[in-house]
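Okay, everyone, thanks for coming. I'd like to walk you through one structure today, starting from a spot in the middle and working outwards. Have a look at it first.

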Amino acid sequence: MVRRVGLLLAYLVVPLGCLSPKRGIGWRAREIGLASYYSRGQRTASGEAFDKKAFTGAHRTVRFGTNVRVTVLKTGKQVIVRINDRGPFASGRVIDVSRPAAEMLGMVGAGVARVRVEIVQ
C-alpha cells in the first residue's frame, strides 16, 4: 500500500514540477556557450513545419514557444528567437539559431559564435 501511494505521488508531483514557469534553461534564466545555425529541415521537434525565413532556435530544455535573446559576446549584436526545436546536438553548443538570426548576429561566416542566451519575459 505504501509503495502504491509513493508511486502515485511520483506520477502527480513530477509532471506538476515540469509545468513551473520559472524553469527555463535548466534552473537558470541565462546561459553562455557556443551558438551555431541551421538552414534546412522539414519539420521541427515542436511539430511545426520548418520556416527558413523565421527567427527561430533549437534548445535542449527551453519550452517550445519561449522567446530568448541571443547576444554575441564579442560584438554585442543580439536577436530574439522563438524556440521551436530541440538541439543542438554538438558538444559545447547551447543553441542553434535559424539562418536569418545568424545573419543578424554576424555569425554566418564563422558558423559559430560565443553567446549569452536569456529568456525574454
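So, Tyr38 and Phe50: both of them are buried. Keep in mind that this is a predicted model. These two residues form an aromatic pair, and the structure holds one such pair. How are the two rings set against each other? The centres are 5.6 Å apart and the planes sit at 45°, so we call the pair tilted; the tilted class is what you get between 30 and 60 degrees. The pair also links distant parts of the chain: Tyr38 belongs to strand 1, residues 30-38, while Phe50 is in the loop between strand 1 and strand 2, 12 residues apart.

Stay in that loop for a second, since Ser39 is there too. Is Ser39 buried or exposed? Well, it's partly exposed, with a relative accessible area of 38%. If you ignore its neighbours within four places in sequence, Ser39 is in contact with Phe50 and Arg99. And look at Pro100: its C-alpha atom is 8.6 Å from that of Ser39, although the two are 61 residues apart along the chain.

There's another aromatic ring I wanted to show you, and this one has a charge over it. Arg86 lies over the face of Phe64, at 4.2 Å from the ring centre.

Now, the strands. Strand 3, residues 67-72, pairs with strand 4, residues 78-85, in the antiparallel sense, over five bridges. If you want one bridge to click on, take Asn67, whose partner in strand 4 is Arg82. The hairpin these two strands make has five residues between them, and Gly76 there takes a positive phi near 80°. Strand 3 is also joined to strand 6, residues 112-119, again by five bridges and running antiparallel. There, Val72 has Val115 in strand 6 as its bridge partner.

Okay, zooming out. The protein has two helices and six strands, and from the N terminus on the order is α-β-β-β-β-β-α-β. Out of 121 residues, 36% are buried. The accessible surface comes to about 7800 Å², and carbon and sulfur atoms account for 57% of that. One last number for you: take the contacts between residues at least 6 apart in sequence, and 71% of them join residues at least 24 apart.

That's my tour. Happy to go back to any of these spots on the screen.

How values were computed:
Residues numbered from 1 in each chain as written. Predicted model: local features only at pLDDT ≥ 70, side-chain atom pairs only at ≥ 80, totals over all residues. Heavy atoms only, no water. Helix = DSSP H or I, 4+ residues; strand = E, 2+ residues; numbered from the N terminus. Buried < 20%, exposed > 50% of the residue type's maximum accessible area, 1.4 Å probe, protein only. Contact = heavy atoms within 4.5 Å. Areas by Shrake-Rupley, 256 points an atom, 1.4 Å probe, with all protein chains shown as cover. Phe/Tyr/Trp six-rings, centres within 6.5 Å; stacked < 30°, edge-to-face > 60°. Lys NZ or Arg CZ within 6 Å of the ring centre and 35° of its normal. Pairing = 2+ DSSP bridges.
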